[in-house]
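Student: Hi! I'm new to this one, can you walk me through it?
Tutor: Happy to, here it is.
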Amino acid sequence: RGKTMRVPVAIIIGFVGGLVRRDDMKHPEVQFAEYLRQTYPSVVHAEVFANHDGKHALRRVLQLLDTNRDGILAPSEKEQASIIIYGHSWGASQVITLARELEALDIPVLLTIQVDSVHKPGHQDTVIPSNVRSAINFYQTKGVFHGGPHVRAADPQRTTIIGNFQMTYEDRRINCDNYPWIARHLNKPHHEIENDPLVWGQIASMIDSELTKNAAAVEASFTSTSLGMR
C-alpha cells in the first residue's frame with residue numbers, strides 16, 4: 001500500500017550451441033543478449049549459458065525469481081515470472097530442457113525460441129511443455145547437422161506454436177566467419193541459420209511483442225489490485 005509497483009524484470013536466457021563459450025562475442029546468441037540489455041536496460045535481464053551448463057542456468061533463473069531473497073519461491077514469485085528462452089543447435093535443445101525443468105517447479109515460460117535445434121542425447125526437443133505460452137522453431141534441412149522440422153505442444157490448449165519456419169540458403173550468402181574454415185565447409189547451412197540477420201530480426205520482433213504484451217498485462221493487474229477489484 002502506498003508504494004508504486006513496477007513491472008517485474010523479464011528474464012531472457014540464451015544457450016549457445018556446440019562447444020561455444022557463453023561469452024564468445026563472435027556468436028549471435030551472445031551478441032543478441034547484449035542487444036537486449038542495451039535496448040531494454042530497465043526491464044530485461046539477459047544472460048547466456050553454454051548448452052552443457054543447464055543446471056547453472058536453472059539455478060540462475062530461480063535466484064532471479066526469488067525477489068525477496070529468502071531462498072524460497074513463493075507462489076506469487078512464480079506467477080509473476082516473465083521468462084523467454086532461446087538457443088541454437090544443442091543450445092536450442094537445452095531451451096526445451098530448461099522449460100521442462102521449470103514446468104516441474106510450476107513456473108511459467110512466456111516464449112521458447114529454437115534455431116536449428118539438434119537433439120541432445122537423453123533430451124526431448126520436439127514436444128513443448130505445457131508451462132510454455134508460445135513457441136517458435138526455425139530450422140533448415142541441409143548439412144551434417146540440421147534442426148527438426150516440427151515442434152508440437154504437449155497441450156495445445158495452453159501452448160501456441162507460432163510456427164515451424166524453414167530457412168534456405170541456396171540463394172543467399174550468410175557470413176559465417178565466426179567459425180573455422182573446416183566447420184564452414186562441413187556444415188555451413190547449420191552455421192548460416194545461426195548467423196542469419198533475418199532470423200534474429202524476427203526473434204527481436206517477437207521478444208519486443210512479448211515484452212509489450214506482458215507489461216500491459218502486469219499494468220492491468222496492478223491497476224485492478226489498486227482499485228480493489230477481483
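Tutor: This is a predicted model, and we can chat about a helix, a cavity and a single residue.

Student: Okay, how many residues does helix α2 have?
Tutor: Helix α2 covers residues 54-65, which is twelve residues. From first C-alpha to last, α2 reaches 17 Å, close to the 16 Å expected at 1.5 Å a residue.

Student: And which residues of α2 are buried?
Tutor: The buried ones are G54, A57, L58, V61, L64 and L65. They sit on the same side of α2, because they cover an arc of only 130 degrees around the axis.

Student: What do the buried residues of α2 pack against?
Tutor: They pack against strands β1 (10-16), β2 (44-50) and β3 (83-88), along with helices α3 (75-79) and α4 (90-104).

Student: Which exposed residues are on the face turned away from the buried side?
Tutor: That face of α2 carries K55 and R59.

Student: New topic: how many cavities of 30 Å³ or more turn up in the whole structure?
Tutor: The search finds one, with a volume of about 30 Å³.

Student: What lines the largest cavity?
Tutor: Its lining is Q114, S117, D125, T126, N137, G148, H150 and V151. By class, that gives six polar, one nonpolar and one charged residues.

Student: Now R152, where does that lie?
Tutor: R152 lies in strand β7, residues 152-153.

Student: Why does R152 count as partly exposed?
Tutor: Because its relative accessibility is 46%, and partly exposed runs between the 20% and 50% cut-offs.

Student: And what does R152 touch farther along the sequence?
Tutor: Leaving out residues up to four places away in sequence, R152 touches T126, V127, I128 and I161.

Methods:
Residues are numbered from 1 along each chain as its sequence is written. This is a predicted model: local features need pLDDT of at least 70, side-chain atom pairs count only at pLDDT 80 or more; totals for chains, interfaces and linings use all residues. Side-chain values use heavy atoms; hydrogens and water are left out. On a 1 Å grid over the protein atoms alone, a cavity is a set of points where a 1.4 Å probe fits but cannot get out, and a pocket is an open set with protein on both sides within 12 Å along at least five of seven lines; lining residues have an atom within 4 Å of a point. Grid points are joined across faces, edges and corners, and a volume is the space filled by probe spheres set on the points. Ala, Val, Leu, Ile, Met, Phe, Trp, Tyr, Cys and Pro count as nonpolar, Asp, Glu, Lys and Arg as charged, and the others, Gly among them, as polar. Helices (H or I, at least four residues) and strands (E, at least two) are DSSP runs, numbered from the N terminus. Buried means under 20% relative accessible area, exposed over 50%, partly exposed in between (1.4 Å probe, protein chains only). Contact means heavy atoms within 4.5 Å. The expected span of a helix is 1.5 Å times one less than its number of residues. The arc is that of the directions from the helix axis to the C-beta atoms.
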